[in-house]
Amino acid sequence: MIFDNQYIQERIKKTEKLREIGVNPYPNQVEKGTSSATFLNECAYVHEIETDEMKKDETKEYRLTGRLKFIRIMGKAAFAKIEDEDGLVQIYFNRDDLPENYYNDVVKKLYEVGDIIEVKGYPFVTGTGELTLHCLEVNLVTKSLFPLPEKFHGIQDQEIKYRQRYLDMIMDAEVTKRFKLRSRIVSTLRRFFEDKGFLEVETPMMHPIPGGANAKPFITHHNSLGVDRYLRIAPELYLKRLIVGGMDAVFEINRNFRNEGIDATHNPEFTSIEFYWAYKTYIELMELTEELFDYLFEKLELEKTLPYGDIEINFSTPFAKVPWVDSIVDIGGVPRDIATNKDKAMAYLKEKNLKVDENWTLGYVQAELFDEFVEGKLINPTFITDYPVDISPLARRSDENPEITERFELFMAGKEIANGFSELNDPLDQYDRFKAQVDAKDSIADDEAMHMDSDFVRALGYGMTPTAGEGIGIDRLVMMLTNQHTIRDVLLFPAMRPEAPKAPVVSAEDKCKKCGNENPQELKPAKKGKGMFCIDGNACKKRVQEK
């Protein structure tokens with residue numbers, strides 16, 4: 001059971017004790033206090049008070065609320081630290097300032113690290129120079145039943161960070177800061193497109209057929225309609241229907257779902273922004289994308305050169321632009337006669353012991369060459385342009401060369417961030433492309449190839465203006481801007497396998513050296529040397545006495 005842990009049981013008993021003495025451990029109608037940042041800023045003047053005694057201002061009263069992160073009892077007085085959304089503040093209280101017996105019977109015995117409290121008092125500066133709140137009133141806001149990880153070591157298990165993101169945020173302020181930045185990135189993207197005259201829209205999340213990208217979908221069932229539905233892999237085909245309907249500039253920020261593998265840059269559900277712009281081409285989209293990055297860096301006040309692991313990414317515009325085949329030759333080091341010949345390229349891949357399929361077209365073979373020899377080398381933002389038609393089923397053919405499309409992908413730090421193109425608006429060509437994708441599902445067993453979307457072809461049949469569209473992966477963008485190397489670190493709640501029960505393995509070193517307690521959740525490592533000790537010193541003493 002979730003509450004069976006002995007240490008948690010001790011906290012539950014303290015909660016019951018609080019109720020017995022008339023203290024509600026979960027009161028309502030508690031307003032948020034002054035933020036820690038405001039308190040520290042407004043009271044900075046206390047440091048400058050000239051006095052031979054303690055620097056303080058008893059004329060000012062502040063009420064703070066926050067989680068108790070540290071407490072040190074010293075006889076009839078105590079120092080503690082509470083944390084709110086802005087940071088930590090030190091507080092001080094003593095027996096004589098609080099109601100009779102409240103300090104000894106409530107604060108010392110029933111308050112614990114992890115509890116959320118409310119304190120009222122005046123600012124002063126300690127002998128060590130730290131601005132502190134001298135508390136004249138202390139109230140419990142929320143009793144914590146689960147102990148926080150020992151602060152010295154924090155959360156050691158990465159999986160716990162992902163499964164219990166709330167605990168990760170409690171223990172690491174940098175995590176909260178990262179997700180606040182993510183929120184600002186999304187809102188800044190939205191503001192940019194709104195200022196450009198784009199209309200934000202919402203399109204279906206459940207589709208009758210999967211479309212808009214090459215991906216394997218999640219399948220669900222609609223009971224009322226009696227039909228299967230697919231969680232969307234992309235909103236593209238619905239957004240282009242809106243262009244057909246007369247909306248000249250639209251965008252959508254929302255989730256997509258792909259029933260595929262999980263790795264450092266892939267999660268089954270991910271966030272993207274897709275935008276479509278009538279009477280524009282992929283050239284203008286690249287210019288808009290550069291303008292977007294300049295806008296992001298200005299509004300977020302970021303340096304144009306950011307660290308990413310052992311490398312640095314220079315986001316200065318304009319970004320490099322390299323045609324598809326040239327990238328394979330000049331960046332990937334593949335001879336041009338091989339990169340442009342299917343049979344030679346297949347032989348080249350075989351020599352390198354890489355995956356091949358005899359049914360691949362030249363575009364698929366080139367895609368394998370690109371993935372292996374080019375992608376990982378694209379560090380600074382780079383547009384790769386002019387993709388082959390056979391791997392670009394929704395992009396418009398080039399008028400100069402019908403074998404390639406007016407398409408680009410944006411890469412940085414060896415990862416794809418965006419995909420855009422001049423949209424195909426010829427319904428007959430679109431029908432043939434869809435049909436080729438359907439055939440590919442059989443000939444090369446490509447279960448990610450697109451389905452035939454007859455309604456979308458019909459929409460194009462009514463006429464879609466020349467249009468350009470693009471999608472940007474927001475999760476990967478956040479990774480780049482926050483120096484994170486796995487997508488799970490920029491998702492509040494990433495996809496995880498069901499948690500398997502862990503059988504405790506207890507050795508002599510896993511027991512408390514004093515009382516022999518074997519419960520790992522109640523133990524902490526010794527700060528020096530080997531061995532473990534109980535987190536709750538009082539419970540440890542009690543067990544020793546019982547022995």
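Trainee: Which residues do ring pairs link into a cluster with Phe192?

Mentor: Good place to start, and keep in mind that this is a predicted model. Ring pairs join phenylalanines, a tryptophan and a tyrosine here. Together with Phe192, the cluster holds Phe193, Phe198, Phe251, Phe275, Trp277 and Tyr295.

Trainee: How many aromatic pairs does a search of the whole structure find, and what is the geometry of phenylalanine 192 and phenylalanine 193?

Mentor: The search of the whole structure gives 22 aromatic pairs. For phenylalanine 192 and phenylalanine 193, the ring centres are 5.1 Å apart and the planes stand at 90°. Planes over 60 degrees apart count as edge-to-face, so this pair is edge-to-face.

Trainee: Are phenylalanine 192 and phenylalanine 193 buried or exposed?

Mentor: The word buried is kept for residues under 20% relative accessible area. Phenylalanine 192 and phenylalanine 193 are both buried.

Trainee: Which charged end sits over the ring of tyrosine 387, and how far is it from the centre?

Mentor: Here the partner is arginine 407. The charged end of arginine 407 lies over the tyrosine 387 ring, and its distance from the ring centre is 4.2 Å.

Trainee: Why do the buried residues of α16 line one face of the helix?

Mentor: Helix α16 covers residues 537-546, and its buried residues are Ala539, Cys540 and Arg543. Looking down the axis, they line one face because they fall within an arc of 105°.

Trainee: Which exposed residues does the face of α16 turned away from its buried side carry?

Mentor: Turn the helix to the face directed away from the buried side. The exposed residues there are Asn538, Lys541 and Gln545.

How values were computed. Residues numbered from 1 in each chain as written. Predicted model: local features only at pLDDT ≥ 70, side-chain atom pairs only at ≥ 80, totals over all residues. Heavy atoms only, no water. Phe/Tyr/Trp six-rings, centres within 6.5 Å; stacked < 30°, edge-to-face > 60°. Buried < 20%, exposed > 50% of the residue type's maximum accessible area, 1.4 Å probe, protein only. Lys NZ or Arg CZ within 6 Å of the ring centre and 35° of its normal. Helix = DSSP H or I, 4+ residues; strand = E, 2+ residues; numbered from the N terminus. Arc of directions from axis to C-beta.
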